[in-house]
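Dear colleague,

I am passing on to you the structure shown below, together with a summary of what was found in it. Please read the notes alongside the coordinates.

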Amino acid sequence: MIMLNKTYQSGIFVLQSSLVEKPTLDRVWNFISVPENLSKLTPPEMNFKITFQSMLENNTSYAGQIISCKVSPLPFFRTSWVTEITQVQPMKFFIDEQRFGPFSFWHHQHIISETEGGVKMRDIVSYKLPFGLLGRILGGWFVIQQLKKIFDFRAKRMKVLFG
């Protein structure tokens, strides 16, 4: 079951999600740490596609990795997004930060840990929208709804992928 918590402070929205899955820690890590798998965890209508990524031999995320993608948050609107994986602690967490894209600020922590009943997956997304007050009023609700939709989709996909 997915749990969501949202806050807003000093112009920054924070959305936290947590989900417990049954597979082992290494299975979850080996899946979520491969950038190509992100498209498997994104709703198809968002038309997510990686257009470039720097890579090492093992194809898993590493600190300094640049990932460029295209995504459609709205029908008939496609945007580019460039993120950098800034920190990685294998089997524990990785952090991606937007370098170019639709947000004024984006910081996303992907955290996993063993727990009773499986593996707890936590996401902490901190972001700031452009256009000041207008962005907060119009975009705040919309972005939260989009992120909830993504996290709900991901929870369902994880159940399909890992049973």
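The paragraphs that follow describe the sheet, the helices, some individual residues, the salt bridges and a surface patch. Please bear in mind throughout that this is a predicted model.

**The sheet**

Eight strands form an open sheet in the order 1-2-8-7-6-5-4-3, and their pairing is antiparallel. The edges are taken by strand 1 (3–9) and strand 3 (49–53); each has a single partner strand, so one side of each has no neighbour in the sheet. On average, neighbouring strands of this sheet are turned by 20 degrees against each other, direction ignored.

At one of these edges, strand 1 is joined to strand 2 (residues 12–21) by seven bridges, the two running antiparallel. Within this pair, M3 stands opposite S18 of strand 2, and K6 has L15 as its bridge partner in strand 2. The hairpin made by these strands has two residues between them, and S10 takes a positive phi near 55 degrees there.

**The helices**

Helix 1 (residues 25–32) lies across strand 5 (77–89), strand 6 (93–100), strand 7 (105–115) and strand 8 (118–128), and runs at about 160 degrees to strand 7. Helix 2 (residues 132–162) lies across strand 1, strand 2, strand 4 (66–74), strand 7 and strand 8. With respect to strand 2, helix 2 runs at about 10 degrees.

**Two residues of strand 4**

I66 belongs to strand 4 and is partly exposed, because its relative accessibility of 27% falls between the limits of 20% and 50%. Leaving out residues up to four places away in sequence, I66 touches F52, Q53, S54, V82, T83 and E84. By contrast, I66 and K6 are 28 Å apart in space, C-alpha to C-alpha, with a sequence separation of 60 residues.

K70 lies in strand 4, and with a relative accessible area of 32% K70 is partly exposed. Apart from its neighbours within four places in sequence, K70 is in contact with N47, F48, K49, T51, R78, T79 and S80. The C-alpha atoms of K70 and K128 are separated by 20 Å, the two residues being 58 residues apart along the chain.

**Positive phi in loops**

Most residues other than glycine have a negative phi. Two loop residues may therefore merit your attention: N47, with phi near 50 degrees, and M91, with a positive phi of about 70 degrees. N47 lies in the loop between helix 1 and strand 3, and at 42% relative accessibility N47 counts as partly exposed. M91 is found in the loop between strand 5 and strand 6; M91 is partly exposed, with a relative accessible area of 31%.

**Salt bridges**

The structure holds five salt bridges, among them the pair E21 and K159, whose closest N and O atoms are 3.7 Å apart. This pair links distant parts of the chain, with E21 in strand 2 and K159 in helix 2, 138 residues apart. E21 is buried, at 3% relative accessible area, whereas K159 is partly exposed at 44%.

A further pair is R99 and E84, with the closest N and O atoms 2.9 Å apart. R99 lies in strand 6 and E84 in strand 5, so this salt bridge ties together parts that are 15 residues apart in sequence. R99 counts as partly exposed, at 38% relative accessibility. E84, E97 and R99 are linked in a network of salt bridges.

R154 forms a salt bridge with D123, and here the closest N and O atoms are 2.3 Å apart. The pair links distant parts of the chain: R154 is in helix 2 and D123 in strand 8, 31 residues apart. Both R154 and D123 are buried.

**A nonpolar surface patch**

F131, L133, L134, I137 and L138 form a nonpolar patch on the surface, and together they have about 600 Å² of accessible area. One of these residues, L133, has its place in helix 2. L133 counts as exposed, because its relative accessibility of 52% is over the limit of 50%.

With kind regards

Key. Residues numbered from 1 in each chain as written. Predicted model: local features only at pLDDT ≥ 70, side-chain atom pairs only at ≥ 80, totals over all residues. Heavy atoms only, no water. Patch = residues over 30% accessible without salt bridge, like charges linked within 9 Å, V, L, I, M, F, W, Y side chains within 5 Å. Areas by Shrake-Rupley, 256 points an atom, 1.4 Å probe, with all protein chains shown as cover. Salt bridge = Lys/Arg side-chain N within 4 Å of Asp/Glu carboxyl O. Helix = DSSP H or I, 4+ residues; strand = E, 2+ residues; numbered from the N terminus. Buried < 20%, exposed > 50% of the residue type's maximum accessible area, 1.4 Å probe, protein only. Pairing = 2+ DSSP bridges. Axes fitted to C-alpha atoms, helices over the stretch in contact; angles between N-to-C directions. Contact = heavy atoms within 4.5 Å.
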